[in-house]
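Subject: Structure handover

Hello,

Here is the structure I promised to pass on. Please open it first, then read my notes underneath.

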Amino acid sequence: MVILITGASRGIGAALAREFTESGHGVLLVSRNRKALEKIAEACNRDAGKELAHAIPFDLTDLTDLEEEFTARIGAITGTVDALINNAGNLIRKPMGEISIDDARNLFEVNFFVPAQLIRICTPFMKDSTLKHVVNVTSMAGFQGSGKFSGLSYYSASKAALNSLTECLAVELKEENIRVNALALGAVQTEMLAEAFPGLKAPLEPQQMARFMKWFTLEGSVLFNGKILPVSVSTP
Ligand SMILES: NC(=O)c1ccc[n+]([C@@H]2O[C@H](COP(=O)([O-])OP(=O)(O)OC[C@H]3O[C@@H](n4cnc5c(N)ncnc54)[C@H](OP(=O)(O)O)[C@@H]3O)[C@@H](O)[C@H]2O)c1
């Protein structure tokens, strides 16, 4: 299988790259930090003994202007995407009275509009796949009824929007046999968490979460479509 993973330069995305390539799957890795991304891809390929990981350094907020370039890069590498994991995310923790509208827009751009655009872009690449699964990485922060935290209003709202998009596209893409689900993650020990909640010790390491996410990506579409699944043992 070929899995397109966004936000693969660190944290959960980097752990996903390792999980998939360790099981012999191909991965297209996207994020802005070219050096970090290439390092992850090289390590995956070294351990696999073959070229399973491909780095695509790209600022996904440029997708609107550079969609053709991005699409051509996928086409040139594999021409196929079996599953898309919309994992890239941004978190800015500031009270409502202090956060700028530019910051708020950036949160919605990275956490909502980019995943939406990528689903549209990847749909033709899934045409001949036997898997056809989109996994949107959302958060307990945007899960209805979960405990909420001050300073995370726009972040939580952007993830809630992605949850809703998941439900809608699961219906809209049914005709193309594409399944769309969301995993609403609880706390995982990454740089994002450390910046948002300094001093908090998460109960999970990225690799533990990535192991479950790999299974879910490959097997979960048989059981779920349009579902928002909480994957959490803690709050946050
Ligand atoms: N960690 C947690 O506790 C937790 C809890 C709930 C949900 N989540 C969600 O899980 C996902 C992964 O989180 P994480 O903790 O692993 O975060 P992280 O360590 O901050 O990683 C985020 C990734 O997103 C990429 N990214 C950000 N903006 C981008 C852009 N404009 N274009 C391309 N790539 C971009 C970053 O790479 P570059 O900087 O190289 O671009 C990085 O690889 C996120 O969607 C997050 O909201 C995490």
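Let me start inside the sheet. Strand E4 (residues 83–86) and strand E5 (residues 133–139) run parallel and are joined by 4 bridges. Opposite isoleucine 85 stands valine 135 in E5. Strands (E, at least two residues) and helices (H or I, at least four) are DSSP runs, numbered from the N terminus. Two strands count as paired if DSSP finds at least two bridges between them.

Some ground rules. This is a predicted model, where local features need pLDDT of at least 70 and side-chain atom pairs count only at pLDDT 80 or more, while totals for chains, interfaces and linings use all residues. Residues are numbered from 1 along each chain as its sequence is written, and side-chain values use heavy atoms, with hydrogens and water left out.

The whole sheet

The sheet is open and has 7 strands, in the order E3-E2-E1-E4-E5-E6-E7. The pairing is parallel. E3 and strand E7 (228–231) are the edge strands, and each pairs on one side only. On average, neighbouring strands are turned by 20° against each other, direction ignored. The axes behind that angle are lines fitted to C-alpha atoms (for helices, over the stretch in contact), and angles run from 0 to 180 degrees between N-to-C directions.

Strand E1

E1 covers residues 2–6. Of its 5 residues, 5 are buried. Buried means under 20% relative accessible area; exposed is over 50%, and partly exposed lies in between (1.4 Å probe, protein chains only). In a regular strand the side chains alternate between the two faces of the sheet. On one side of E1 sit Val2, Leu4 and Thr6, on the other Ile3 and Ile5, and all are buried. E1 is joined to E4 by 3 bridges, and the two run parallel. Isoleucine 5 stands opposite isoleucine 85 in E4.

Strand E2

E1 is also joined to E2, by 5 bridges, and these strands run parallel too. Isoleucine 3 has valine 27 in E2 as its bridge partner. Threonine 6 stands opposite valine 30. Between the two strands the chain passes through helix H1 (residues 11–22), and this β-α-β crossover is right-handed. Right-handed means that, with the strands pointing away from the viewer, the path from the first strand over the helix to the second runs clockwise.

E2 spans residues 26–31, and 6 of its 6 residues are buried. Gly26, Leu28 and Val30 lie on one side, Val27, Leu29 and Ser31 on the other. E2 and strand E3 (residues 53–57) run parallel, with 5 bridges between them. Serine 31 stands opposite proline 57 in E3. With helix H2 (residues 34–48), E2 and E3 make a right-handed β-α-β unit.

The ligand

Which residues are closest to the ligand? They are Arg10, Arg32, Asn87, Tyr155 and Thr190, out of 28 that surround the ligand. A residue counts as near if one of its heavy atoms lies within 4 Å. Three N or O pairs are worth a look. Arginine 10 brings a polar side-chain atom to 2.7 Å from a ligand oxygen atom. At asparagine 87, a backbone N or O atom lies 2.8 Å from an oxygen atom of the ligand. At asparagine 33, a polar backbone atom is 2.9 Å from a ligand oxygen atom. Taken alone, the ligand exposes 880 Å², and the protein buries 94% of that. Those areas come from the Shrake-Rupley method with a 1.4 Å probe; for residues, only the protein chains shown count as cover.

Three single residues

Glutamate 19 is placed in helix H1. Glutamate 19 counts as buried because its relative accessibility is 6%. Its side chain makes a polar contact of 3.2 Å with that of glutamine 207. A polar contact is a pair of N or O atoms within 3.5 Å; within protein, one must be able to donate a hydrogen and the other to accept it, and residues adjacent in sequence count only if both atoms are side-chain atoms.

Threonine 138 lies in strand E5. Its relative accessible area is 3%, so threonine 138 is buried. The side chains of threonine 138 and asparagine 163 share a polar contact of 2.8 Å.

Leucine 60 sits in the loop between E3 and helix H3 (63–77). Leucine 60 counts as buried because its relative accessibility is 8%.

Best wishes
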